[in-house]
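I opened this model at the bench today and kept a few notes. Here is what I looked up.

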Amino acid sequence: MNVQGARAVAFDVLRAVSEDEAYANLLLPHAIARQRLDAKDAGLATELTYGTLRRRGTYDAIIATAADRSIDRIDPAVLDAVRLGVHQLLSTRVASHAAVNESVELARRHGGGKGAAGFANAVLRRVSRDNPGEWMQRIATGARSDDERIGLTTSHPVWIVRALRRALTAEGRADELEGLLEADNVAPRVAMIALPGLAEVPEDATAARFAPTAFTTRGGDPEGLIRSSQGRIRVQDEGSQLAALALSRALPVREDERWLDLCAGPGGKTALLAAEALAHGAHLDANEISPARAGLVRQAVASVPLDVDVSEEDGRERAARMPGRYDRVLVDAPCTGIGALRRRPEARWRKTPADVPDLTALQQELVLAAFEALKPGGVVAYVTCSPHLAETSGVLAEVKRALGDAAEELDARAVVREIARDEIDLPDQADGSLRAQLWPHRHGTDAMSIALLRKR
């Protein structure tokens with residue numbers, strides 16, 4: 001087993017996430033391929049990377065205590081090496097001596113020589129003297145408030161803890177907070193999609209609970225299955241699938257409808273919409289402002305025999321150019337991403353409450369522009385991978401206020417229930433809206449919010 005290679009991959013990804021704001025889910029597969037890790041070593045590299053990122057807040061509190069200094073006084077490369085070591089010591093079965101020695105070597109090689117190695121060695125040996133429960137008790141005791149204690153022990157920034165609590169309270173489910181925070185720190189099962197009309201769920205797979213297109217396998221690398229299907233089977237969160245299907249199946253499709261995916265990158269929902277459009281004789285356009293992500297959209301739809309035009313514009317301008325053109329528009333809006341922390345754990349350390357006002361303003365503008373691009377009777381789906389009430393209920397309320405009688409809110413919960421294979425728990429929202437809110441702890445999906453507005 002190439003444990004050293006797995007550690008090297010994990011460290012390289014952690015450094016890229018810290019220094020370059022890279023996305024671990026995009027970078028890790030390439031790093032594994034470069035190191036030529038086999039399936040077992042790739043699994044270890046994945047666990048070391050995602051485990052360290054998920055628990056970073058907790059580990060930073062432990063490191064600060066063990067080092068008797070704030071983490072911002074620690075060299076960034078040394079800090080990442082120590083984080084990786086602490087994860088192995090407290091959350092894996094890796095032998096303590098190996099976790100310490102290899103992490104110290106990473107600190108020496110990347111952090112400045114003997115001094116960095118000596119510091120890393122001292123901190124990690126201090127951490128290794130106590131068990132995880134003792135460390136949790138120690139950092140919890142030092143918290144200044146209940147919310148800070150929850151944040152430190154579950155590795156969530158305090159503002160996210162509070163946002164999630166408010167979102168659950170809006171459903172009368174505040175008592176589910178602990179379960180939600182725990183779910184954020186557990187690696188999700190890999191959900192896959194068989195594009196409808198183009199691929200079948202494999203016989204040895206297990207159908208997912210809700211999305212009729214979703215399934216899980218018995219494990220292992222799904223790449224072979226993806227290649228053999230020519231991309232018509234791929235990895236995609238079940239919540240993401242339900243969000244796309246909520247638009248395509250909200251109302252019966254008439255032939256020659258025109259659809260638009262306004263914020264399409266990286267293209268998973270676009271591919272599903274393309275398959276749905278193909279099956280019903282509809283047309284699909286897509287737009288993505290980032291050229292790199294637009295390239296991913298083109299790759300995603302390449303497996304669907306439908307001509308999908310992918311433009312690269314600001315979504316607001318793209319929609320404004322074609323008023324009254326489309327029957328259905330998906331606005332999968334840029335958001336804080338705090339609903340996908342299981343799969344993108346670094347997102348919890350990147351956004352702050354200061355980001356929310358700009359994001360909600362953009363979301364409102366995108367939805368209003370999308371609404372203007374609708375034909376009478378057309379539907380816009382406003383989707384976020386965030387349950388933050390400002391990004392869900394708040395934006396929806398502002399949009400409905402701006403549109404007045406021109407818009408009718410459709411019951412997204414009823415649509416999702418109709419789509420779902422199994423009974424799905426979607427309680428009422430305190431604001432009286434009809435949006436559907438999915439949750440990791442309750443549904444096994446990302447925390448997707450889905451709202452549907454119809455143009456009268």
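My entries cover one helix and two positions from a record.

**Ground rules.** I am working with a predicted model, where local features need pLDDT of at least 70, side-chain atom pairs count only at pLDDT 80 or more, and totals for chains, interfaces and linings use all residues. Residues are numbered from 1 along each chain as its sequence is written, and side-chain values use heavy atoms, with hydrogens and water left out.

**Helix α6.** I checked the length of α6 (residues 96-111; helices are DSSP runs of H or I, at least four residues, and strands are runs of E, at least two, numbered from the N terminus). Its 16 residues should span 22 Å (1.5 Å times one less than the number of residues), and the end C-alpha atoms are 21 Å apart, which agrees. Next I looked for buried residues (under 20% relative accessible area; exposed is over 50%, partly exposed in between, with a 1.4 Å probe and protein chains only). I found Ala-99, Val-100, Ser-103, Val-104, Leu-106 and Ala-107. They cover an arc of only 160° around the axis (from the directions to the C-beta atoms), which puts them on the same side of α6. These buried residues pack against α1, α5 and α7.

**Pro-266.** UniProt, in an unreviewed entry, lists Pro-266 and Asp-314 among its "binding site" positions; such annotations may be inferred rather than shown by experiment. I located Pro-266 in the loop between β5 and α14. It is partly exposed, at 46% relative accessibility.

**Asp-314.** I found Asp-314 in the loop between β7 and α16. At 17% relative accessibility, Asp-314 counts as buried.

Technical notes:
Contact means heavy atoms within 4.5 Å.
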